[in-house]
Amino acid sequence: MTEVAQGTGAAGAATRNTPARVSLWAAVLGVGLIVGIFLTPMFWLLYGGFYTFLVFVFGVVAIPAGHLGRRRGKRLGGRDRGVALFGLVTGWILVLSALLLVLAYAGLLAGLAFLTDSA
């Protein structure tokens with residue numbers, strides 16, 4: 001076998017499971033935003049739409065990249081399949097969290113509207 005076929009030569013970068021790593025990074029960034037929301041709730045109240053939008057986008061990026069990473073990992077003999085699965089599952093959790101954040105934000109606004117209307 002040649003070096004290129006083994007993935008150890010200059011073309012070894014072609015055997016990396018890039019979608020799995022993209023899925024992992026999107027998942028980590030999304031989880032970082034969720035942690036940021038819980039650590040700084042005042043920023044979420046001020047910039048909730050931006051936080052929620054970015055969490056949703058990172059989740060939507062992680063899901064298809066995770067699927068592609070799992071498929072490519074199968075062709076590469078299992079390389080980074082676990083990373084892709086982590087990104088895939090975390091991506092779905094991020095999308096669900098974004099939907100829950102939208103509901104929480106809508107509930108907060110509805111509650112404030114009720115309080116100001118009754119005063």
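The following exercises, each with a worked solution, concern a predicted model of a single chain.

**Exercise 1. Establish the overall make-up of the chain: how many helices and strands does the chain have, and what share of its residues is buried?**

Solution. Begin with the secondary structure, where the count gives 4 helices and 0 strands, so that the order read along the sequence is α-α-α-α. Next, turn to burial: of the 119 residues in the chain, 29% are buried. Then consider the surface, for which the computed exposed area of the chain is about 7700 Å², with 74% of it supplied by carbon and sulfur atoms. Finally, look at the contacts with a separation of 6 or more, 77% of which are between residues 24 or more positions apart.

**Exercise 2. Determine which residues make up the largest nonpolar core, and which helices supply at least two residues of this core.**

Solution. The core has 9 residues in all, namely Leu-33, Ile-34, Ile-37, Trp-44, Tyr-51, Val-55, Leu-94, Ala-98 and Leu-101. Assigning them to elements shows that α2 (18-39), α3 and α4 each contribute at least two. To examine one member in detail, take Tyr-51 and set aside its neighbours within four places in sequence; the contacts that remain are with Leu-33, Ile-37, Thr-40, Phe-43 and Trp-44. As a general background to this exercise, nonpolar side chains in soluble globular proteins tend to be buried together.

**Exercise 3. Decide whether Ser-23, Gly-69 and Thr-90 are buried or exposed, and list what each of them touches.**

Solution. Burial requires a relative accessible area under 20%, and each residue can be tested against this cut-off in turn.

- Ser-23, which lies in helix α2, has a relative accessible area of 0% and is therefore buried. Beyond four places in sequence, Ser-23 is in contact with Ala-62, Ala-65, Gly-66, Ala-84, Gly-87 and Leu-88.
- Gly-69 belongs to helix α3 (residues 41-75), and its value of 0% makes it buried as well. Outside its sequence neighbours within four places, Gly-69 meets Asn-17, Pro-19, Ala-20 and Ala-84. For the pair Gly-69 and Ala-20, which are 49 residues apart along the chain, the C-alpha atoms are separated by 4.1 Å.
- Thr-90 is part of helix α4 (residues 81-118), and because its relative accessibility is 8%, Thr-90 counts as buried. The side chain of Thr-90 reaches the backbone oxygen of Phe-86 at 2.7 Å, while its contacts, not counting residues up to four places away, are with Ala-27 and Val-31.

**Exercise 4. Describe the nonpolar patch on the surface, and find which helix supplies the largest share of it.**

Solution. First, list the members: Met-42, Phe-43, Leu-45, Leu-46, Tyr-47, Phe-50, Leu-108, Leu-109, Leu-112, Phe-114 and Leu-115, which together have about 1200 Å² of accessible area. Second, distribute them over the helices: α3 and α4 each supply at least two residues, and the largest share, 6 residues, comes from α3. Third, take one member from helix α4, Leu-108; since its relative accessible area is 33%, Leu-108 is classed as partly exposed.

**Exercise 5. Locate Asp-80 in the chain, and state what its phi is near.**

Solution. Asp-80 is placed in the loop between α3 and α4. Its phi is near 60°, a positive value in a residue other than glycine. For context, most residues other than glycine have a negative phi.

Conventions:
Residues numbered from 1 in each chain as written. Predicted model: local features only at pLDDT ≥ 70, side-chain atom pairs only at ≥ 80, totals over all residues. Heavy atoms only, no water. Buried < 20%, exposed > 50% of the residue type's maximum accessible area, 1.4 Å probe, protein only. Polar contact = N/O pair within 3.5 Å; in protein donor to acceptor, adjacent residues only side chain to side chain. Contact = heavy atoms within 4.5 Å. Core = buried A, V, L, I, M, F, W, Y, C linked by side-chain atoms within 4.5 Å. Patch = residues over 30% accessible without salt bridge, like charges linked within 9 Å, V, L, I, M, F, W, Y side chains within 5 Å. Areas by Shrake-Rupley, 256 points an atom, 1.4 Å probe, with all protein chains shown as cover. Salt bridge = Lys/Arg side-chain N within 4 Å of Asp/Glu carboxyl O.
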